[in-house]
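Q: I am new to this structure and would like a close look at a single part of it. Could you walk me through one side-chain pairing and then show me what lies around it?

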Amino acid sequence: MFSPTCTDTLSYNTYAQCVETKAFLGAQPRESRWLCTSLLAGGKLPGEKRIAESQQWGRR
């Protein structure tokens, strides 16, 4: 279960950036995926929104 109200003191633009940073800081893979997925579910990764919008425009 993920937490859409999850917050973090660092700021990330994308899910991949979040996971990479957490791995660099020594987090376990399961912890980093849970945290980053929770941030994504809460809409706290602004770069993911831009990626989705650009992909949507590409389909039209």
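A: Let's start with the side chains of Lys22 and Asp8, which are joined by a polar contact of 3.0 Å. Please keep in mind that you are looking at a predicted model. The pairing also counts as a salt bridge, with 3.0 Å from N to O, and the structure holds one salt bridge. What does the pair tie together? Asp8 is in the segment before helix 1 and Lys22 is in helix 1, so the salt bridge connects parts that are 14 residues apart in sequence.

Now take the two partners one by one. Lys22 has its place in helix 1, the part of the chain where confidence is highest, with a mean pLDDT of 94. Is Lys22 buried or exposed? With a relative accessibility of 12%, Lys22 counts as buried, because the cut-off for buried is under 20%. Asp8, on the other side of the salt bridge, has a relative accessibility of 25% and counts as partly exposed.

Who else is around Lys22? If we leave aside the neighbours within four places in sequence, Lys22 is in contact with Asp8, Tyr12, Ala27, Ser32, Leu35 and Cys36. Cys36 is a good place to go next, as a disulfide joins Cys18 to Cys36, with 2.0 Å from S to S. This pair links distant parts of the chain, with Cys18 in helix 1 and Cys36 in helix 2 (residues 29-41), 18 residues apart. As a reminder, a disulfide is a covalent bond between the sulfur atoms of two cysteines. The structure holds one disulfide. The torsion about the S-S bond of Cys18 and Cys36 is about -85°, so the disulfide is left-handed. Cys18 and Cys36 are both buried.

Both cysteines also belong to the largest nonpolar core, which has seven residues in all: Cys6, Tyr12, Cys18, Leu35, Cys36, Leu39 and Leu45. Helix 2 gives the most to this core, with three residues. You may recognise Tyr12, Leu35 and Cys36 from the contacts of Lys22.

Leu39, another member of the core, brings us back to where we began. Apart from its neighbours within four places in sequence, Leu39 is in contact with Cys6, Thr7, Asp8, Tyr12, Cys18, Lys44 and Leu45. Asp8 is thus in contact with Leu39 and also with Lys22.

For a wider view, look at Thr5, which lies in the segment before helix 1. The C-alpha atoms of Thr5 and Leu39 are separated by 7.7 Å, and the two residues are 34 residues apart along the chain. Thr5 itself is exposed, with a relative accessible area of 64%. Helix 1 has an exposed residue too: Glu20 lies in helix 1 and counts as exposed at 57% relative accessibility. Glu20 and Arg33 are 13 residues apart in sequence, and their C-alpha atoms are 10.0 Å apart in space.

Finally, a word on confidence. The chain has a mean pLDDT of 83, and 82% of its residues reach 70 or more. Confidence is lowest in helix 3 (residues 46-59), with a mean of 71.

Technical notes:
Residues are numbered from 1 along each chain as its sequence is written. This is a predicted model: local features need pLDDT of at least 70, side-chain atom pairs count only at pLDDT 80 or more; totals for chains, interfaces and linings use all residues. Side-chain values use heavy atoms; hydrogens and water are left out. pLDDT is the predictor's confidence in each residue, from 0 to 100. Helices (H or I, at least four residues) and strands (E, at least two) are DSSP runs, numbered from the N terminus. A salt bridge is a side-chain nitrogen of Lys or Arg within 4 Å of a carboxyl oxygen of Asp or Glu. Buried means under 20% relative accessible area, exposed over 50%, partly exposed in between (1.4 Å probe, protein chains only). A disulfide is a pair of cysteine sulfur atoms within 2.5 Å. A polar contact is a pair of N or O atoms within 3.5 Å; within protein, one must be able to donate a hydrogen and the other to accept it, and residues adjacent in sequence count only if both atoms are side-chain atoms. Contact means heavy atoms within 4.5 Å. A nonpolar core is a set of buried Ala, Val, Leu, Ile, Met, Phe, Trp, Tyr and Cys residues joined through side-chain atoms within 4.5 Å.
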